[in-house]
Amino acid sequence: MSTQIEQEQTEEQTDAEAAEPAEQSPQERRLSEKKARAEAREREEQAREEVRDADETVRIKVFRYDPEVEGKEEPRFDDFQVPFFKGMTVLDALIYARDHYDSSLTFRHSCRQAVCGSDALFVNGQQRLGCKTQMADLDDPVRIEPLPHQDVVKDLVVDMEHFYEQMHAVEPYFQPDELPEGEREEQRQSPENREKVKMSTRCIWCGACMSSCNIAAGDNEYLGPAAINKAYRFAMDEREGEIQKEDRLEIIEQEHGVWRCQTQFSCTEVCPKDIPLTEHIQELKREAVKSNLKFW
Amino acid sequence: MHEHDVLVVGAGGAGLRAAIAAHEEGADVAMVTKLHPVRSHTGAAEGGINAALHPEDSWELHAYDTMKGSDYLGDAPAVETFAQDAPDEVIQLEHWGMPFSREEDGTVSQRPFGGLSHPRTTYAGAETGHHLLHTMYEQVVKRGITVYEEQQVLDLAVTDHDDVEDRECHGVVAYDIASGEIRGYRATDGVILATGGPGQVFDHTTNAVANTGDGYAMAYRAGVPLEDMEFVQFHPTTLPSTGVLISEGVRGEGGILYNDEEERFMFEYGYANNEGELASRDVVSRAELTEVNEGRGIEDEYVHLDMRHLGEERILDRLENILHLAEDFEGVDGLDEPMPVKPGQHYQMGGVECNENGQTCIDGLYAAGETACVSLHGANRLGGNALPELLVFGARAGKHAAGGDMKDAEIPTGPSAESEAGDLPDDIEIGAVDAGGESVAADGAAVDAETVVEAEVQRQQERVDRLLEEDGINHAQVRDDIQQTMTANVNVFRREDNLKEALDDIREARERYRHVAASDPSRTYNTDLMHTMETRNIIDIAEAITVGALAREEFRGAHWREQYQERRDDEWLKHTMLAWSDGNPELYYKPVLLEGEKEYEPKERSY
Ligand SMILES: Cc1cc2nc3c(=O)[nH]c(=O)nc-3n(C[C@H](O)[C@H](O)[C@H](O)COP(=O)(O)OP(=O)(O)OC[C@H]3O[C@@H](n4cnc5c(N)ncnc54)[C@H](O)[C@@H]3O)c2cc1C
Ligand code: SF4
Ligand code: FES
């Protein structure tokens, strides 16, 4: 832990020395630098003290990689010792490490309440949301890596572009047969039908399922569980008519669609929103068969 | 440089709605957003969307409730426009496929919410915001609207005319998070700020980490006044450990608040003898803290919210999400035990001054959603009124920016709306200590739009290079200091000496901020740099909130002052306005408009 921090500081210094001072006078600049060094020492000292005084601490091993910075372009793991508190999540531990040891530690996060989907990570060998995973439930040391099978941008941040493309490929928007007549008239939906599609509407686009799927790993064009689930949400909505449903089934029936799924259930296992993904995929397969039979 | 007719900054509910409206008007519109749209904090909204849909309900009743809720500090033209447009917006969402909760007959359900005279809150389980956000993003995908995601907008490109009302906004400058590039975006018809709330100014908040109030700070530095910033809503039911919100829907469905002595204190101690738990949020938050302060809190910190008596079936049907939140973030099973709750920062009633069409006093600059203050919520927002706000005023801003045909607005904006100058105590010092990143580009009218944007790109490039290349202190401590002092001194209960102490601390934070730098030298996905730049915004907003709180010497809505325990209509039926004016914040007032199609006479608020 501490070696890693020292190493960081040397790097900064070289960089700063090379830089042209902008706007600040040399005296001011020296003052800033002095303050910065003092502050960094203070922060590190404070963290050490907290670790020393803590009743309990936990160790996280975090995957690091930055293509831009010398010494970091080779992937490696950094260890951080973090004071533990009741209710601490993986995200809390990462934030502590970032704010006390190494502010270059990079990960996405925002809502801290499992709705924004930005902090899906590979924690102790499984896809999970950092904010929703209690440290107490994990074996020490906790190993934190970016989602597998995605391109790593830096540290724990992966490129989501491909995931978004697959989501967009299924025409992810409501296309009802017709809108009701009359102003302010709703398109009625039976409570049963709402119940049927309910789970499928909960997806937060975190990408955990896609990352856990062996098929998706081997076939880059496979739509993947999240996108197929999105198609399910609309195909099963009674307000989209038969023709639209046929179109939807056609999309998910394509070569890299539902038939690729080998029912391994890994997506269902990791989905933080408990969406029965495999079941939805299976149901769409059955619908597809039914609709094909109809045309024979 | 990218060029579009209309640029929308932020892709939460307000931004998405604005973009769709501008697109429908035929404009080439693009969204520039710090987060991918579906990551926006609108997705966290739980409770619901108010709209007068029922035949027995009416827009007039909704307007009346909103005005009363605002403690008569809303402007009637805003309130009425809102109540009139909301039903169409909700039905529009329904037509776009939003999975609303339904009645047996298939129509959308409505439930009671605090401060409403009729059950008019439409909802989708306890995850209304998630569905609203995704439904609108789907429409954006359908229309093929351009989204520049993971672009952190750093400042606006605005001309530097002396008089703010002569200034024009020509675009924005953003930091491409993935590549570290600084990019210019030019808008020929308008820029709409929809960057959401500033919850990160406080330490205990329901808001996301990305909610650093960037839009408020950018507009403020460009010269647009911030309005009524002292009115910060503290939500009475947040989980003590994280600030995660337990929706008002729980109380709407019949959830009960108890103190340590298992008394139903809302009635027992007369905080709200009629409405009890469903009194408006400011009332309930103060009641809870009073219980804690008087020794009847649990572990001296919180109270209990109990929903067990509602029964498993009803809870699962309407509040299932709450069970997950209580379990995942507090380790409590809401079916079996009461949930611990305490007040937490939740919503900013004040914001970037604009009118019913979203226009600010700078030509070509609009604001919508939580960032904006059309003056709808006044001193206190009713639960379920923010989501319809971002639909109604997001749509109006988008339409107006795209050149849509609209009635002229009635709400005056800009320094010329000033009715009275304000003055602040001599012993406080506020404003710039050359903290970097000033806005207002170029040299006046003669300069063309592209040059204005390019000059701002240059300025931001220099700023970023400096932060990356120089050595300096880490921003995290500065941010933490602001959050701590705001929580300690500018919370639910406010005292003069505390407010002054906060201003001292903010001043110190400004001094320290001069020495910040990013210690990560990377140009790839540098979150250290992002957060450093956000911290600047947090400082400006913290100051605006505190100055407003010090100026307003009365007790109104969410704003409680120890020395002034009454609402003083004779003197304070006016908005507090703070204008940056190149680093020297100026305080002034403008009158509240209580007359629209109807007239609203201030009455005592009783619940
Ligand atoms: C937990 C919670 C529950 C709520 N429940 C309800 C409810 O039930 N009913 C109700 O009416 N209201 C509710 N509210 C309030 C309401 O949800 C918010 O006021 C509203 O969603 C804000 O929407 P917005 O579009 O203004 O901002 P947001 O949804 O926060 O979106 C902000 C957008 O701006 C972008 N952005 C920010 N800064 C920058 C920058 N510098 N550059 C580029 N982009 C930027 C972000 O990426 C994001 O896309 C709730 C709020 C919270 C926090
Ligand atoms: S289906 Fe589940 S795991 Fe997959 S993206 Fe959606 S929420 Fe994440
Ligand atoms: S931070 Fe939003 S899902 Fe975890």
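Biologist: How many residue pairs are in polar contact across the interface of chain B and chain A?
Modeller: The rule finds 34 such pairs, both residues at pLDDT 80 or more, where a polar contact is a pair of N or O atoms within 3.5 Å; within protein, one must be able to donate a hydrogen and the other to accept it, and residues adjacent in sequence count only if both atoms are side-chain atoms. This is a predicted model, in which local features need pLDDT of at least 70 and side-chain atom pairs count only at pLDDT 80 or more, while totals for chains, interfaces and linings use all residues. Residues are numbered from 1 along each chain as its sequence is written, chains are lettered from A and ligands numbered from 1 in the order in which they are written, and side-chain values use heavy atoms, with hydrogens and water left out.

Biologist: Which helix of chain B gives the most to the side that touches chain A?
Modeller: That is H4(B), with eight residues, helices being DSSP runs of H or I with at least four residues, and strands runs of E with at least two, numbered from the N terminus.

Biologist: And how many salt bridges are there between the two chains?
Modeller: The count between chain B and chain A is 10, a salt bridge being a side-chain nitrogen of Lys or Arg within 4 Å of a carboxyl oxygen of Asp or Glu. One of them joins A:Lys230 to B:Glu138, with 2.8 Å between the closest N and O atoms.

Biologist: Switching to ligand 1, which residues come nearest?
Modeller: Among the 39 residues around ligand 1, the nearest are B:Ser40, B:Thr42, B:Gly47, B:Asp214 and B:Glu370, counting a residue as near if one of its heavy atoms lies within 4 Å.

Biologist: What does ligand 1 have close to B:Thr42 and how far away is that atom?
Modeller: An oxygen atom of ligand 1 lies 2.5 Å from an N or O atom in the B:Thr42 side chain. For the backbone, an oxygen atom of the ligand is 2.7 Å from a polar atom of B:Gly47, and a nitrogen atom is 2.8 Å from one of B:Gly48.

Biologist: What about ligand 2, which residues come nearest there?
Modeller: Of its 13 surrounding residues, A:Cys203, A:Cys206, A:Gly207, A:Cys209 and A:Cys271 come nearest.

Biologist: Last one, how many helices and strands does chain A have?
Modeller: Chain A has 11 helices and seven strands, and its C-alpha trace spans about 80 × 45 × 40 Å along the principal axes.
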